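This report describes the ligand site, the internal spaces and selected backbone features of one model. The sequence and structure are shown first.

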Amino acid sequence: LKNLDTASLQLLVPLHGVLMGKEIVDNWERVEQFQARPDDVLISTYPKAGTTWMSEIVDMIFCDGDPEKCRRETIYNRVPYLEFRIPGEPSGVEQLEATPSPRLVKTHLPIKLMPDSFWGKNCKVIYVARNAKDVAVSYFFFHKMVKALPDPGPWDKFLDDYIKGDVGYGSWYDHVIGWWEKRNDYRILYLFYEDMKEDPKREIRKILHFLEKEMREEVIDKIVHHTSFQEMKNNDMVNYKTIPNELMDQSTTSFMRKGIAGDWKNHFTVSQNEIFDEDYKKKMSGTNLHFRMEI
Ligand code: A3P
């Protein structure tokens with residue numbers, strides 16, 4: 001990573017109308033032709049919706065609730081990121097090809113860009129959605145931290161770009177609605193970050209049921225504990241502190257930043273909130289998908 005050209009990684013270009021990192025788009029064929037396996041479990045999210053949290057929960061389930069087994073590797077190596085690509089590093093596809101089954105796969109792709117193979121193999125997908133305002137704030141701070149993402153500029157400008165979908169992975173609206181509408185066509189478990197905050201045990205039980213696994217009460221409690229924000233913040237196998245500073249600078253804001261529902265209230269001005277709400281109402285008017293902006 002020494003001579004990494006972060007400037008070139010920051011370029012976003014549209015792919016079928018969705019802005020994505022140029023590196024990903026330039027190598028799209030490999031992703032498009034990805035061969036899923038029937039026992040792959042996919043974790044899909046719009047960025048900052050709780051991907052890492054869900055990844056650790058599902059890996060804990062796969063490890064029968066043994067935190068030591070989860071410490072075998074960093075989260076990005078235990079749950080490879082399908083479309084990931086940085087020159088000189090193994091791509092997500094390459095990493096996955098070398099991973100024995102059963103595999104856990106992470107993606108941020110909107111459903112219309114998903115490789116067909118996942119549907120052909122009838123794979124299970126866990127989708128996590130988080131309210132638009134908290135995602136905006138979390139994504140803003142993430143942009144400040146990750147050198148492979150464009151400089152977000154001031155919050156006001158970033159929020160504007162985000163509302164328009166002029167950010168990596170495009171519009172939050174298209175993403176959450178796109179996956180929501182298809183949730184009954186495939187094996188998709190659609191969950192919410194706010195529900196996980198409210199009652200993690202209840203949501204973990206839903207995941208266990210979906211994965212057709214049974215676990216003793218005390219094992220479930222162990223998973224709840226191990227995947228709490230406080231535990232994960234201090235766990236170097238999930239907090240991304242193993243990523244070099246040149247790529248992710250956690251000196252001013254950390255990956256495990258706040259981990260709450262409703263932090264947007266500390267960042268949106270009254271006027272930003274009014275503009276956002278008005279636009280939100282329009283964009284969400286055609287769907288029965290509902291979010292809680294706080295709990
Ligand atoms: P904040 O920036 O609001 O704190 P992703 O993994 O999709 O990139 O999402 C990162 C967000 O999830 C960050 O949100 C992070 O703090 C939060 N997060 C990570 N682990 C969590 C946990 N165990 N409980 C609650 N939130 C968590």
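## Basis of the description

Helices are DSSP runs of H or I with at least four residues, and strands are runs of E with at least two, each kind being numbered from the N terminus. The model is predicted. The element names used below follow that numbering.

## The ligand site

The shell around the ligand comprises 18 residues, among which Thr51, Thr52, Ser138, Tyr193 and Lys258 approach nearest. By class, this shell consists of 7 nonpolar, 7 polar and 4 charged residues.

Several polar atoms of the protein lie opposite oxygen atoms of the ligand. The side chain of Thr52 places an N or O atom 2.6 Å from a ligand oxygen. For Lys258, a backbone N or O atom is 2.7 Å from an oxygen atom of the ligand. A polar backbone atom of Gly50 is found 3.1 Å from a ligand oxygen. The protein buries 97% of the 570 Å² that the ligand exposes when taken alone. Helix 4 (51-62) and helix 15 (229-233) are the elements that contribute two or more residues to the shell. Helix 4 provides the largest share, with 3 residues.

## The largest cavity

A search of the whole structure yields 1 cavity of 30 Å³ or more. The space within the largest cavity amounts to about 40 Å³. Rolling a probe the size of a water molecule over the atoms reveals where empty space remains.

Which residues line the largest cavity? The lining is formed by Thr51, Thr52, Ser55, Ile75, Tyr76, Val79, Lys106 and Tyr240. At least two of the lining residues come from helix 4, and at least two from helix 6 (75-78). The largest share, 3 residues, belongs to helix 4. In terms of class, the lining of the largest cavity has 4 nonpolar residues, 3 polar residues and 1 charged residue. Thr51 and Thr52 appear in this lining, and both are also listed among the residues that come nearest to the ligand.

## The second largest pocket

The second largest pocket holds about 250 Å³ of space. Its lining is made up of 17 residues, and those nearest the centre of the pocket are Val18, Pro110, Lys112, Asp174 and His175. Two or more lining residues are given by strand 2 (18-21) and by helix 11 (172-181).

Which element gives the most to this lining? Helix 11 does, with 4 residues. The lining of the second largest pocket divides into 8 nonpolar, 6 polar and 3 charged residues.

## The hairpin of strands 1 and 2

Strand 2, which contributes to the lining of the second largest pocket, is paired with strand 1 (residues 12-15) in an antiparallel arrangement through 4 bridges. Within this pairing, Pro14 has Leu19 of strand 2 as its bridge partner. Leu15 stands opposite Val18 in strand 2; Val18 is also one of the residues nearest the centre of the second largest pocket.

The two strands form a hairpin with 2 residues between them. His16 is located in the loop that links strand 1 and strand 2. Although His16 is not a glycine, its phi is positive, at about 45 degrees.

## A cis peptide bond

Where in the structure does Pro102 lie? Pro102 is situated in the loop between helix 7 (92-97) and strand 4 (104-107). The peptide bond leading from Ser101 to Pro102 is cis, and its omega is near 0 degrees.

Conventions:
Residues numbered from 1 in each chain as written. Predicted model: local features only at pLDDT ≥ 70, side-chain atom pairs only at ≥ 80, totals over all residues. Heavy atoms only, no water. Near = heavy atom within 4 Å. Polar contact = N/O pair within 3.5 Å; in protein donor to acceptor, adjacent residues only side chain to side chain. Areas by Shrake-Rupley, 256 points an atom, 1.4 Å probe, with all protein chains shown as cover. Nonpolar A, V, L, I, M, F, W, Y, C, P; charged D, E, K, R; others polar. 1 Å grid on protein atoms, 1.4 Å probe; cavity = no way out; pocket = protein on both sides within 12 Å on 5 of 7 lines; lining within 4 Å. Points joined across faces, edges and corners; volume = space filled by probe spheres on them. Pairing = 2+ DSSP bridges.
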